[in-house]
Amino acid sequence: MLPLEPSDAELRELGTTALEFVASFVAGLPGKPAHDPGAFAADLSITDNARPVGELLDTVRAAAALGVETAGPRYLGYIPAGGLITSAIAGLLTSALNRFGTVADMAPGLVAIEESVLRWLCREFGLPPGSGGVLTTGASLATLTAVVAARRTPDGTLYVSEHTHVCVAKAAAIAGLPPESVRIVPVDDDLRMDPLAAARMIDQDRRRGLVPFLIAGTAGTTDTGAVDSLAELAGLARREDLWFHVDGAYGGAFQLTGRGRARFAGIEQADSITLDPHKGLFLPYGIGALLVRDTATLDRAYHRQAAYYQDLGQREGLPDYAHRGLELTRDHRGLRVWLPLRLHGVHAFREALDEKLDLAAQAYEQLLRFPGLELLGPPQLSTVVFRLRAGDGPTERLFDEIRARRRYFLTSTRIRGRFFIRLCVLSHRTHAEHVLGAVEEIRSLI
Ligand SMILES: *Cc1c(COP(=O)(O)O)cnc(C)c1O
């Protein structure tokens, strides 16, 4: 029976066994089906009896085989990420160290590591001195953190488009704002928020006595990768004295590329930016980020004193993340971002992201050649959206056939009421062979 604190020899053996599991999982990814609709049958009962690790890893392997192979190279649905294995290793180190990383005085070294990640992100986005942020579980929590900090009155209104992610409306609801406070601005032909329509709506709302407080632009919508005119929205927010939030959960990481940076011009004027390193930096799930122009805005919303904090000192230049968001005790997240960035160098990420833009452009070019297909338009980022000209029914059947083959996992959506299939390229494991393979499969089915 393995004691709660294994011996040195036991720990090394356990580590080797676990790492062999990980290595064979990664080696097997290219050959795996894109999804497995099967049901789970293993015995999961938790009892007083200890079980050997080999048996338990077999159960984990069987559990992981079911559902969608989100780590695999042919996962092209929703927003893929993959999960860099070097970040998973950092996760093991993080948990083993078990440091309290939301109070600088408790773990100044690890807080410095996390802070170096946030400062680097702020620099990449051109945010000024005084900016900073906090790492969260994902963009949903980051968005909530921003909306609560931005809200000035209990009855404010905020401006989104119909393609803005629902996490903004959810954040507004949790912040106590009624559903009608979320104002939906029309989009243009490219599915980008129409800044003139937003300006008119804000003006009309003020005349009706409403209190506009925030505009949410999107740097890559989940459905199609549409990029709002961030510079125009930033100008509008400034003129109207509104908080300018940018949702970069899907697209934000493309800021590391020349093309992304050009498309996101204006993002440097944001009051807050949400990012999902567990999408665009290919990290395992569980890491989102909020960057803010002025960390004092977070401090005002979240800094609380308590008698049981009285022994804690301040650390020069290091923040207490507990005062920048909702969470107190949490996993330290910085190392899981910092280690891969340092280990591979940022250049490797820039190149991989550039490759994703190229792959989506290539898929678009190829699909354009199939006369039966209607494409939504050239990809604004790394998502290609298409349907059969024959209509919704045939497109749904094509979608079902792709699913049934289990080689590629794509997802669908509705745009202006019509059914579309979307192919999103973002995993670090997805390369030309996978994307062109998906295109070939689509060709063979139409
Ligand atoms: C994924 C996504 C979100 C939500 O992020 P989570 O990390 O899943 O909470 C928000 N906005 C956009 C544009 C997204 O693609």
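**Exercise 1. Place Thr 136 in the fold and decide whether Thr 136 is buried or exposed.**

Step 1. Thr 136 lies in strand E3, residues 132-136. Strands (E, at least two residues) and helices (H or I, at least four) are DSSP runs, numbered from the N terminus. The model is predicted: local features need pLDDT of at least 70, side-chain atom pairs count only at pLDDT 80 or more, and totals for chains, interfaces and linings use all residues. Residues are numbered from 1 along each chain as its sequence is written, and side-chain values use heavy atoms, with hydrogens and water left out.

Step 2. The relative accessible area of Thr 136 is 2%. Buried means under 20%, exposed over 50%, partly exposed in between (1.4 Å probe, protein chains only). Thr 136 is therefore buried.

**Exercise 2. Which residues does Thr 136 touch?**

Step 1. Contact means heavy atoms within 4.5 Å.

Step 2. Leave out residues up to four places away in sequence; Thr 136 then touches Leu 141, Ala 142, Gly 286, Ile 287, Gly 288, Ala 289, Glu 327 and Arg 333.

**Exercise 3. Describe the shell around the ligand.**

Step 1. Count: 14 residues surround the ligand (a residue is near if one of its heavy atoms lies within 4 Å). The closest are Ala 139, Ser 140, Asp 247, Asp 276 and Lys 279.

Step 2. Assign elements. Helix H5 (139-150) and helix H10 (277-280) each supply at least two shell residues.

Terms used: A residue is near a molecule or strand if one of its heavy atoms lies within 4 Å of it.
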